[in-house]
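Let's take a walk through this fold together. Keep the viewer open and turn the model as you read.

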Amino acid sequence: MDRKALRSALRGRRRALSEFQQKQAAVGVLKQLKQLPEFSRSQKLAVYLANDGEISPECIVRHAWNEGKSCYLPVLDNHDKTKMHFQRYTSETVLLPNRFNIPEPILDLSLCIPATELDLVLMPLTAFDVSGGRLGMGGGFYDRAFSFVKTATKPVLMGLAHECQKIESVPMADWDVLISGVVTEDKAYKALKQLPK
Ligand SMILES: Nc1nc2c(c(=O)[nH]1)N(C=O)[C@@H](CNc1ccc(C(=O)N[C@@H](CCC(=O)O)C(=O)O)cc1)CN2
Ligand SMILES: Nc1ncnc2c1ncn2[C@@H]1O[C@H](COP(=O)(O)OP(=O)(O)OP(=O)(O)O)[C@@H](O)[C@H]1O
């Protein structure tokens with residue numbers, strides 16, 4: 001299957017989950033993530049607001065806030081249609097739907113930090129494999145924002161997904177950034193074949 005067909009099939013799978021399954025998954029993914037030192041160590045954490053059946057980081061965000069960690073949300077740039085920023089997210093943040101109808105903070109550059117300052121990025125995805133392959137929504141936003149990670153030690157890139165989004169092998173493109181692992185409601189997959197960070 002090509003990337004477009006895969007994306008569409010896997011989006012269907014995650015959208016088919018019931019509200020109950022989504023709630024359970026949001027609880028499970030926090031339980032799994034809490035066991036990882038990459039999470040315990042992180043102070044600045046990029047998250048997202050679940051859309052289109054994505055596994056929800058809401059329990060992770062609440063836990064992170066309680067632990068005194070700072071959370072950041074992706075916010076699309078007002079002019080450059082290929083760019084996104086990471087803006088501080090607190091319980092006070094006002095959210096408005098962006099052009100994809102995903103809620104996001106109103107862009108305020110003074111509340112944004114460079115991607116290089118994040119410790120851990122929890123990335124949404126449509127499909128993943130156990131070797132660090134990731135397929136997103138097709139905008140290339142995450143691939144562009146974190147292309148520097150190939151030569152850097154920070155941040156750690158980790159996908160969040162439902163088990164039903166795991167496939168044998170994601171067909172990768174040149175620009176795709178490998179991720180260090182994926183956390184699902186059931187387990188944490190650490191990608192092998194990558195240099196230790
Ligand atoms: N929750 C969440 N937030 C996110 C992302 C994400 O994947 N998940 N993004 C990760 O990149 C960015 C937004 N990227 C997106 C790219 C494409 C589509 C999308 O729905 N595309 C439609 C057609 C879009 C259109 O109306 O033109 C589609 O494919 O059907 C959505 C988000 C930033 N915020
Ligand atoms: N580092 C990059 N520099 C320039 N263009 C890029 C880069 N990364 C991706 N792109 C462009 O973005 C487009 C979409 O890429 P791709 O299909 O891999 O997105 P995705 O991984 O599904 O989405 P996302 O990264 O937003 O979750 C590609 O056509 C590619 O040309």
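**From the middle of the sheet outwards**

A good place to begin is strand β7, which runs parallel to strand β10 (residues 156–160) and is joined to it by four bridges. Within this pairing, L120 of β7 stands opposite V156 in β10. Please keep in mind as we go that this is a predicted model.

Now look at the other neighbour of β7. Strands β1 and β7 also pair in the parallel sense, over two bridges. Here L45 stands opposite L120 in β7, and A46 stands opposite V121. L120 therefore makes a handy landmark: it faces L45 in one pairing and V156 in the other.Zooming out, these strands belong to an open sheet of eight, in the order β6-β3-β2-β1-β7-β10-β11-β12, with mixed pairing. The edge strands are β6 (112–113) and β12 (188–190), each of which pairs on one side only.

What covers the two faces of β7? On one side lie L120 and L122, on the other V121 and M123, and all four are buried. This fits a general pattern: in a regular strand the side chains alternate between the two faces of the sheet. Three of these residues also turn up in the largest nonpolar core, which has 46 residues: V121, L122 and M123 are among those with the most contacts inside it, together with V47 and M158.

V121 deserves a closer look. Leaving aside neighbours within four places in sequence, V121 is in contact with A46, F146, P155, L157 and M158. You have already met A46, as the residue opposite V121 in the pairing with β7. P155 has a feature of its own: a cis peptide bond joins K154 and P155, with omega at about -5°. You will find P155 in the loop between α5 and β10.

Next, move along the sheet to β3 (residues 84–89). Five of the six residues of this strand are buried, so β3 is largely enclosed by the rest of the structure. On one hand, β3 pairs with β2 in the antiparallel sense over six bridges, and P74 stands opposite F86 there. On the other, two bridges join β3 to β6, again antiparallel, with C112 in β6 as the bridge partner of Q87.

**A helix against the strands**

Turn now to helix α4 (residues 58–66), whose buried residues are I60, V61 and A64. They cover an arc of only 100° around the axis, which puts them on the same side of α4. And what do the buried residues of α4 pack against? Their partners are α2 (19–33), β1 (44–46), β2 (70–76) and β7 (120–123), which brings us back to the strand where we started. Just after α4, G68 takes a positive phi of about 80°.

**Two unusual backbone angles**

Glycine is not alone in having a positive phi here. D52 has one of about 55° although it is not a glycine, and its place is in the loop between β1 and α4. With 13 C-beta neighbours inside 10 Å, D52 counts as partly exposed.

N101 is another such residue, with phi near 70°. Look for N101 in the loop between β4 (95–97) and β5 (103–105). Is N101 buried or exposed? It is exposed, with 8 other C-beta atoms within 10 Å.

**The surroundings of the ligands**

Finish with the two ligands. Around ligand 1 there are 16 residues, and F100, P124, M137, G139 and F141 come nearest. The shell around ligand 1 divides into eleven nonpolar, four polar and one charged residue.

Ligand 2 is surrounded by 15 residues, the closest being G136, G140, Y142, D143 and W175. Its shell is made up of six nonpolar, five polar and four charged residues. Which element gives the largest share of the shell around ligand 2? That is helix α5 (residues 141–145), with four residues.

How values were computed:
Residues numbered from 1 in each chain as written. Chains lettered and ligands numbered in written order. Near = placed C-beta within 6 Å. Nonpolar A, V, L, I, M, F, W, Y, C, P; charged D, E, K, R; others polar. Buried ≥ 20, exposed ≤ 12 C-beta atoms within 10 Å, placed from the backbone. Arc of directions from axis to C-beta. Contact = placed C-beta atoms within 7 Å. Pairing = 2+ DSSP bridges. Core = buried A, V, L, I, M, F, W, Y, C linked by C-beta atoms within 7 Å.
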